[in-house]
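Subject: Structure handover

Hello,

Here is the structure I promised to pass on. Please open it alongside this note, and then read on for what turned up.

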Amino acid sequence: MKKIEKVLKVLEEQKLDGIFLNKQANVNYISGFNDEASFVLISPKGYFFITDGRFFEEAQNICKGFEIVNWQKIGDNVIKALEKICKDLNIKRLGFEGKWISYSMYENMKEALGNTELVATENIIEDLRYIKDEEEIEILREASRITDKAFEEILNHIKAGLTERQVVAKLEYIIRMNGGDGVGFDTILVSGKKTSLPHGKPDDKVIEEGDFVTLDFGVLYKGYTSDMTRTVVVGKPTDKQVEIYNIVKEAQQAALDTVKDGISSKVPDDAVRQIVKDYIEYYYPGIGHGIGRDLHEPPFIGKSGGYTIKKNCVITIEPGLYIPDWGGVRIEDSILVTEDGYERLTKSTKDLICL
Ligand SMILES: [Mn+2]
């Protein structure tokens with residue numbers, strides 16, 4: 001209940017009688033639930049987990065300390081359940097997640113909760129999620145371990161003649177077979193010239209001898225996702241492939257070397273720029289992000305700055321060079337920030353692998 005105590009403290013500071021959460025990652029973070037279509041209301045007078053009949057039994061088993069509400073038993077929609085709780089608890093000032101609620105839901109809430117003042121809040125749960133606790137770190141360690149294992153195994157299946165789609169299917173099978181709950185996000189697997197597309201989609205393109213193959217994938221595990229990218233070569237690399245690969249590898253290490261508790265999120269990007277300076281036009285300036293219940297969550301690492309990287313943040317460092325009509329390289333690790341450095345969670349080799 002430590003997380004909820006922190007929320008209650010914020011409610012007190014902001015003079016709120018309760019807060020309604022609708023952002024799924026925030027709902028799940030607070031409740032321990034790992035599925036969808038659910039909401040949470042927290043007030044000093046009680047904690048409510050609001051869902052529908054599909055998830056009711058599961059929520060009862062998982063969300064300890066919460067009163068589980070099946071809104072279908074109360075009315076036609078979630079708002080009706082919210083209305084009832086606010087009335088029962090005599091909530092006068094209700095916070096909601098200003099960033100995440102839809103305009104129509106807000107309108108419906110305003111209409112139904114006539115006697116309750118609605119107050120837009122920002123980042124109350126996100127601020128708690130910024131620093132990971134021991135349990136979260138263990139989950140992300142395990143997700144990363146499965147990621148490394150899956151990478152090791154998929155290398156046996158990346159071959160000239162197979163399509164990108166076939167290799168992705170195999171990778172996702174391997175992830176499940178190694179204990180992953182699935183993929184954390186749509187796998188990026190691109191080959192040949194397509195590796196110049198930072199977020200290209202795998203399709204029926206056939207992998208050819210001499211192709212770079214970039215794999216960017218994550219393992220979903222207990223509601224959290226890992227994130228790792230490696231670029232490999234099928235066959236013998238050209239001098240230019242080796243040159244570009246080594247620059248990115250050096251740049252990623254330079255960025256990693258800057259990481260420690262208390263630095264600005266701009267600092268790793270500055271380090272990358274020093275190394276890639278001759279190819280700066282091919283550099284994409286967002287080089288990392290927090291991971292957790294969302295694939296991309298604060299702190300965001302890159303040129304725009306604005307965040308402080310802190311001890312027990314779990315972030316990615318993933319610089320790349322993307323040369324149109326030629327190809328590209330990205331190398332990404334998930335790391336745990338420590339007092340004076342970092343611990344790599346994804347540990348796969350970064351030497352250029354030639355298959
Ligand atoms: Mn990433």
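A pocket here is an open set of grid points with protein on both sides within 12 Å along at least five of seven lines. Keep in mind that this is a predicted model.

**The largest pocket**

The largest pocket has a volume of about 580 Å³. It is lined by 24 residues, and the closest to its centre are Lys3, Tyr29, Ile30, Asp133 and Glu135. Three elements give two or more residues each to this lining: α1 (2–13), α2 (24–31) and α7. Helix α1 supplies the largest share, 4 residues. By class, the lining of the largest pocket holds 11 nonpolar, 3 polar and 10 charged residues.

**The cavities**

There are 2 cavities of 30 Å³ or more.

The largest cavity has a volume of about 60 Å³. Its lining includes Ile19 and Leu21, the run from Glu97 to Trp100, and the run from Thr121 to Glu126. Two elements, β1 (18–21) and α6 (124–129), each supply at least two lining residues. Helix α6 gives the most, with 3 residues. The class count for the largest cavity is 5 nonpolar, 3 polar and 4 charged.

The second largest cavity comes to about 30 Å³. Around it sit Val190, Thr195, Leu197, Pro198, Thr214, Tyr322, Gly328, Val329 and Arg330. Strand β19 (residues 327–330) gives the most to this lining, with 3 residues. Here the classes are 5 nonpolar, 3 polar and 1 charged.

**A helix pair**

Now to α7 again, this time with α8. How do the two helices pack? Helix α7 (residues 134–154) and helix α8 (residues 164–177) make an angle of about 135 degrees, and their axes are 9 Å apart. The angle is neither over 145 degrees nor within 65 to 115 degrees, so α7 counts as oblique to α8. The crossing of α7 with α8 is right-handed.

Which residues meet there? From α7 come Ile146, Ala150, Glu153 and Ile154. From α8 come Val167, Lys170, Leu171, Ile174 and Ile175. The residues of this contact divide into 7 nonpolar, no polar and 2 charged.

**Where to look**

To find the largest pocket, start from Lys3, Tyr29, Ile30, Asp133 and Glu135. For the largest cavity, go to α6, which gives the most to the lining. For the second largest cavity, go to β19.

Best wishes

Notes: Residues numbered from 1 in each chain as written. Predicted model: local features only at pLDDT ≥ 70, side-chain atom pairs only at ≥ 80, totals over all residues. Heavy atoms only, no water. 1 Å grid on protein atoms, 1.4 Å probe; cavity = no way out; pocket = protein on both sides within 12 Å on 5 of 7 lines; lining within 4 Å. Points joined across faces, edges and corners; volume = space filled by probe spheres on them. Nonpolar A, V, L, I, M, F, W, Y, C, P; charged D, E, K, R; others polar. Axes fitted to C-alpha atoms, helices over the stretch in contact; angles between N-to-C directions. Parallel < 35°, antiparallel > 145°, perpendicular 65-115°, else oblique. Left-handed = near helix turned anticlockwise from the far one by under 90°. Contact = heavy atoms within 4.5 Å.
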